[in-house]
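Q: Hi! Could you walk me through this structure? I'm new to this, so plain words please.

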Protein chains: 2
Amino acid sequence: MLAACSLADPVPVLAGSNNIARMGGSKSLQLTYHPFDAKLVHPFTVSGNTRTMTPIVLTEISYDGVTGYGEASMPPYLGETQASVMAFLGCVNLKQFNNPFELEDILSYVDKIAINNTAAKASVDIALHDLVGKLVGKPWHILWGYTAAKAPVTTFTIGIDTETVVREKTLEAASFKVLKVKIGVDEVTDKMMINTVRSVTDKPIRVDANQGWKDKNYALSMIEWLSERNVEFVEQPMPKHSIDDMAWLTEHSPLPTIADESCQRLADIPRLKGVFDGINIKLMKCTGMREASKMITLAEAYGMKRMIGCMTETSCAVSAAAQLAPQMDYADLDGNLLIANDCFSGMKLVDGKITLNDEAGIGVRRL
Amino acid sequence: MLAACSLADPVPVLAGSNNIARMGGSKSLQLTYHPFDAKLVHPFTVSGNTRTMTPIVLTEISYDGVTGYGEASMPPYLGETQASVMAFLGCVNLKQFNNPFELEDILSYVDKIAINNTAAKASVDIALHDLVGKLVGKPWHILWGYTAAKAPVTTFTIGIDTETVVREKTLEAASFKVLKVKIGVDEVTDKMMINTVRSVTDKPIRVDANQGWKDKNYALSMIEWLSERNVEFVEQPMPKHSIDDMAWLTEHSPLPTIADESCQRLADIPRLKGVFDGINIKLMKCTGMREASKMITLAEAYGMKRMIGCMTETSCAVSAAAQLAPQMDYADLDGNLLIANDCFSGMKLVDGKITLNDEAGIGVRRL
C-alpha cells in the first residue's frame with residue numbers, strides 16, 4: 001500500500017483524490033483533498049519577512065452520500081507544507097475500513113503511517129469526526145457529554161509590533177473580554193507591549209512568551225512584574241526542553257504557567273505534571289479531535305488547567321477545536337478571524353464567548 | 001435539596017421514585033429504582049457462611065418517552081447495601097438538568113453528592129448512558145469509536161473450593177478459552193487449586209490472589225512457580241496499600257501484574273505507573289461507564305494493560321461493561337452467568353468471546 005506513495009520524497013501534487021470506490025454505490029470511505037491559500041487580513045512581519053498567507057490543505061471524507069470536512073493548517077515554523085500534507089494524504093488508504101465509526105482503529109492506523117505530520121493527521125481526524133457526527137446526527141460537544149454553555153470566552157491575540165500598531169490593534173479588539181499578548185523578546189520590548197496595551201485597556205491579559213526567556217530568575221522577575229498588571233497566566237515562558245528550570249519557575253511563579261511548545265501530544269503530558277500548571281491543546285500539533293479529547297482526560301486526572309488554541313486556520317478547524325471548548329479553562333480560538341477568505345462558517349463569537357451551534361459533526365457549512 | 005435526604009443515616013426504603021415531573025409531558029429526567037435479589041446459581045461458601053444471593057438495586061431514567069436501565073450490585077465485602085444505595089438515589093435530583101446529553105455535568109454532580117457510594121453512582125451513570133445511547137440511536141461502543149470485533153474472550157472464574165468441586169467447575173467451563181483461578185490462601189491451597197485445574201485442562205489461566213500474599217519474596221516465588229504452568233498474569237498479589245513491595249514485585253515478576261483492589265478510580269492510576277503492569281476496571285468501583293472510559297485513556301497514555309471486570313451482576317451492568325471491552329486487553333465478564341434469575345438479556349458470549357449487539361445504549365432488553 002505504501003509502495004505507491006513516498007513520504008521521504010513528497011511529490012508536490014496540486015490536488016488529489018484517493019480511495020475512490022464505487023462498489024455498491026458509496027458505502028466506502030473516500031478521501032479527497034486540495035490546497036487552499038488562506039489570505040491574511042493583516043500581513044505578519046517577522047524579522048523583515050512579510051507573510052501574507054498561510055498554506056492550508058482542505059480535506060473531505062465521504063461515505064454513504066454524507067461528507068465530512070477537515071483541514072490542515074501549516075504556519076511555516078511547524079515544518080509541514082501543502083506538498084508534505086498531500087504526500088501524506090496520498091498514503092492514507094481508508095478503503096480498508098468499511099465502518100467509519102471505528103475511529104480508534106482508523107486514526108491509530110493514520111498515526112502509524114509516518115512520524116510527525118501532525119497537521120496532515122489532523123486533517124483526516126477532523127473530516128472523519130465531521131462525517132461520523134453527521135452520520136449520528138449530533139455535534140461532537142454533545143457526543144462527548146459536554147455542556148455547550150460552559151464554553152469560555154476566547155482571547156484575541158496582539159502580536160509583537162510598534163507601539164502605534166499595538167495600540168490600534170488593542171482598540172480594534174474591543175469586543176473581546178480578554179487579550180493574549182505576545183512577548184518574550186527583551187525586557188524593553190516586553191514591557192513596552194504590556195504598557196501599551198495597558199494605556200488603552202484594563203481588561204485581563206494572558207501573555208505568551210513563546211520560549212523567549214532563557215534564564216529562570218529573569219523569567220520569574222518578569223512574571224512578578226506581569227502579576228501586578230492584571231495578567232492571568234504565562235504561556236511557555238522558557239525553551240521547550242527546559243524542564244527543570246520550568247518546574248522551578250512554576251513552583252515560584254505568582255501566575256499559572258501553561259505549556260505550549262512543551263506539550264504536543266498525549267504522551268507528553270505525564271512528564272509535565274509539576275512542571276507547568278496547564279497545557280495548551282491545539283489540533284494541528286496533537287493530530288486532531290480524538291487525541292485532544294484524550295488530552296483533556298489526562299489533564300483532568302492530573303488537576304492541570306486546560307487551554308484550547310489554534311493556528312491561523314479557517315472556521316473548519318477552529319469549529320472542530322471549539323467542540324472541545326466547554327471542557328476548557330481557557331480558549332484562544334481567533335485563528336479564523338485572521339483570514340480574509342474564510343471558506344467555512346461555523347462556531348460564532350458572541351461578546352467574545354465561543355458559541356456552539358447545534359449542527360451535526362463539527363458544526364460547519366462550506367461557503 | 002439535600003435536606004430531604006440523609007446519607008449519614010440511610011432510611012431503609014424498599015423502593016423509590018424521585019424527580020417525578022410532569023411539566024410539559026416528559027421532557028424532564030425521571031429516576032426510579034427498586035431492589036432486586038439476584039439468586040446465585042451456585043451458593044458461595046466462605047468461612048462457614050453460605051451466600052445464596054447478591055443484593056442489587058435496579059434503576060431507570062426516563063426522558064421524552066425513552067427509558068435507560070441501570071444497576072448497582074453490592075457484594076457484601078464492598079460496604080454498600082440496598083438501603084444505602086436507595087438512600088443515595090433518594091438524594092439525586094436530576095430535575096435540575098434539562099438536557100440528558102450533558103453527561104459530564106450531570107455525573108460530576110452525582111459524584112459530589114457524597115463520597116464513596118460508587119455502586120450507587122454507577123447505577124445512575126449506566127441508566128443515563130443507556131438513555132443517551134437510545135436517544136442518539138447508537139450503542140456506546142460505537143459512540144466511543146471502538147471496533148466491536150476486537151472485544152476479547154472473557155475468563156470464567158473458578159473459586160477456592162475442594163479438589164472435587166474445582167475439578168467439576170473446570171469441566172463445566174469447557175466453553176471458555178481462558179480461566180480465572182482464585183488463589184491467595186496458603187501455599188498448599190494455592191498449589192492444589194492450580195494443580196487441580198491443570199489435571200483437567202491445559203488452557204491458559206489467569207490468577208487472582210485478592211491481596212493474599214503478604215511477603216514479596218514469597219509472592220515472587222509463587223509467581224515463578226505459576227509462570228511454568230501457562231498462567232498469563234497475576235491479579236492483586238499483595239495488599240492494596242503495599243505500593244513499594246508491589247513495585248519491586250512487578251519489576252522482578254516473570255508475569256504481568258494487574259491492580260484490582262489497588263485501583264478503584266481514575267485518580268488512583270497515576271501512582272500505579274511502575275507499580276503494576278495493568279489495571280482491572282470495574283463499573284461498580286469506579287462509578288460507571290464515563291469514568292471507566294477515562295481510565296482507559298489514562299492507562300493507554302501510561303502503556304498499562306487494561307482489564308474489564310465485574311461483580312455478580314445482571315446482564316444490565318455486564319452489558320454496560322461490555323461496551324468498553326473492545327478497548328481492553330483482558331476481560332472477566334462472567335458475573336451474569338452466576339445469576340439464576342437474570343432479568344435482562346444483552347451481551348452474549350460466543351465461544352467465550354464477548355459479542356456485542358447493535359442495539360442502542362448499553363444493548364439490553366428487560367426480560
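Q: How far apart do the C-alpha centres of domain 1 of chain A and domain 2 of chain A lie?
A: They lie 25 Å apart. Domain 1 covers 2-137 and domain 2 covers 141-366, with bounds that come from an automatic or database domain assignment.

Q: Before we go on, where do the numbers and letters come from?
A: Residues are numbered from 1 along each chain as its sequence is written, while chains are lettered from A and ligands numbered from 1 in the order in which they are written. This is a predicted model, where local features need pLDDT of at least 70, side-chain atom pairs count only at pLDDT 80 or more, and totals for chains, interfaces and linings use all residues.

Q: Back to the domains: how many residues does the contact take from domain 1 of chain A and from domain 2 of chain A?
A: It takes 31 from domain 1 and 27 from domain 2. Two residues are in contact if their C-beta atoms, placed from the backbone, lie within 7 Å.

Q: Which element gives the largest share on the domain 1 side?
A: That is H3(A), with twelve residues. Helices (H or I, at least four residues) and strands (E, at least two) are DSSP runs, numbered from the N terminus.

Q: New topic: where does His42(A) lie, in which strand?
A: His42(A) is part of strand E2 (residues 30-46) of chain A.

Q: Why does His42(A) count as partly exposed?
A: Because His42(A) has 13 C-beta neighbours inside 10 Å. A residue is buried if 20 or more other C-beta atoms, placed from the backbone, lie within 10 Å of its own, exposed if 12 or fewer, and partly exposed in between.

Q: And between the chains, how many residues does the contact take from chain B and from chain A?
A: The contact takes 23 residues from chain B and 23 residues from chain A. On the chain B side, H10(B) provides the largest share, six residues.

Q: What turn lays chain B on chain A?
A: A turn of 180 degrees, with a shift of 0.0 Å along the axis, gives an RMSD of 0.0 Å. That is the relation of a two-fold axis. Copies are superposed by least squares on the C-alpha atoms of residues with pLDDT of at least 70 in both.

Q: Which residue of chain B has the C-alpha nearest the axis?
A: Leu298(B), at 3.1 Å from the axis.
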